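Please work through the exercises below with the sequence and the coordinates at hand. Each task is followed by a solution in steps.

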Amino acid sequence: MKLVPLSDRVVLKQCEAEETTASGIILTSASQEKPQEAEVIAVGPGGVVDGKEITMQVKEGQKVIYSKYAGTEVKIEGTEYIIVRQNDILAVVE
């Protein structure tokens, strides 16, 4: 199955959470903070949203930082994805 986002939506796959701290302490899954870095899996076509022309500025394969509480989480075929609006993406990681 393939996710095809509509309008100004972007499908993200979250990067793995850190399992150890910088000092070497191993974290349990309950204490790991959810990372805000993700890989762009699919990008919508853009278009007119709320009366404004939206052009998509991210591309598939890019790593991005997104807002902490943004988007909708979905699980398809055992893989978790997050669907966000383009304006919820804060930066592209290069």
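The exercises concern a predicted model and proceed from the overall fold to individual side chains.

**Exercise 1. Overall architecture**

Task: State how many helices and strands the protein has, and describe its pattern along the sequence.

Solution.
- Step 1. The count gives zero helices and eight strands.
- Step 2. Along the sequence, the pattern accordingly reads β-β-β-β-β-β-β-β.
- Step 3. Of the contacts with a separation of 6 or more, 64% are made by residues 24 or more positions apart.
- Step 4. The protein has 94 residues, and 24% of them count as buried. About 6,600 Å² is exposed, of which carbon and sulfur atoms supply 50%.

**Exercise 2. The sheet**

Task: Give the order of the strands in the open sheet, and explain why one side of S6 and of S8 is left without a neighbour.

Solution.
- Step 1. The open sheet is formed by six strands in the order S6-S7-S1-S2-S5-S8, with antiparallel pairing.
- Step 2. Strand S6 (72-76) and strand S8 (89-93) stand at the edges; each has a single partner strand, so one side of each lacks a neighbour in the sheet.
- Step 3. From one strand to the next, the twist averages 40°.
- Step 4. The individual pairings can then be examined. S6 and S7 run antiparallel and are joined by five bridges; Ile76 has Thr79 in S7 as its bridge partner.
- Step 5. Three bridges join S2 to S5, where Glu37 stands opposite Ile65 in S5. Four bridges join S5 to S8, where Tyr66 is opposite Ile89 in S8.

**Exercise 3. The nonpolar core**

Task: Identify the residues of the largest nonpolar core and the elements that give two or more residues to this core.

Solution.
- Step 1. The largest nonpolar core has 11 residues: Val10, Leu12, Ala38, Val40, Val58, Val64, Tyr66, Ala70, Ile82, Val84 and Ile89.
- Step 2. Two or more of these residues come from each of S1, strand S2 (37-43), strand S5 (63-66) and S7.
- Step 3. In soluble globular proteins, nonpolar side chains tend to be buried together.
- Step 4. S5 shows two faces: Val64 and Tyr66 lie on the covered one, whereas Lys63 and Ile65 lie on the uncovered one. Val64 and Tyr66 are also listed in the core.
- Step 5. Beyond its neighbours within four places in sequence, Val58 contacts Val10, Val40, Val43, Val64, Gln86, Ile89 and Val92.

**Exercise 4. Two buried residues**

Task: Decide whether Ala42 and Gln86 are buried or exposed, and list what each touches.

Solution.
- Step 1. Ala42 is found in strand S2. Its relative accessibility is 7%, so Ala42 falls under the 20% limit and counts as buried.
- Step 2. Leaving out residues up to four places away in sequence, Ala42 touches Leu3, Pro5, Val10, Val11 and Glu60.
- Step 3. Ala42 and Val58 are 16 residues apart along the chain, and their C-alpha atoms are separated by 9.5 Å.
- Step 4. Gln86 lies in the loop between S7 and S8. With a relative accessible area of 13%, Gln86 is buried by the same limit of 20%.
- Step 5. With residues up to four places away again not counted, Gln86 touches Asp8, Val10, Ile54, Thr55, Met56, Gln57 and Val58.

**Exercise 5. The salt bridges**

Task: Which residues are linked in a network of salt bridges, and which of them are buried or partly exposed?

Solution.
- Step 1. The structure holds two salt bridges. One is formed by the side chains of Arg9 and Asp8, at 3.7 Å from N to O.
- Step 2. In the other, the side chains of Asp8 and Arg85 meet at 3.0 Å, N to O. This pair links distant parts of the chain, 77 residues apart: Asp8 is in the segment before strand S1 (9-14), and Arg85 is in strand S7 (residues 79-85).
- Step 3. Asp8, Arg9 and Arg85 are therefore linked in a network.
- Step 4. Asp8 is buried, with a relative accessible area of 5%. Arg9 counts as partly exposed at 30% relative accessibility, and Arg85 likewise counts as partly exposed at 30%.

How values were computed:
Residues are numbered from 1 along each chain as its sequence is written. This is a predicted model: local features need pLDDT of at least 70, side-chain atom pairs count only at pLDDT 80 or more; totals for chains, interfaces and linings use all residues. Side-chain values use heavy atoms; hydrogens and water are left out. A salt bridge is a side-chain nitrogen of Lys or Arg within 4 Å of a carboxyl oxygen of Asp or Glu. Buried means under 20% relative accessible area, exposed over 50%, partly exposed in between (1.4 Å probe, protein chains only). Two strands pair if DSSP finds at least two bridges between them. Axes are lines fitted to C-alpha atoms, for helices over the stretch in contact, and angles run from 0 to 180 degrees between N-to-C directions. Contact means heavy atoms within 4.5 Å. Accessible areas come from the Shrake-Rupley method with a 1.4 Å probe; for residues, only the protein chains shown count as cover. A nonpolar core is a set of buried Ala, Val, Leu, Ile, Met, Phe, Trp, Tyr and Cys residues joined through side-chain atoms within 4.5 Å.
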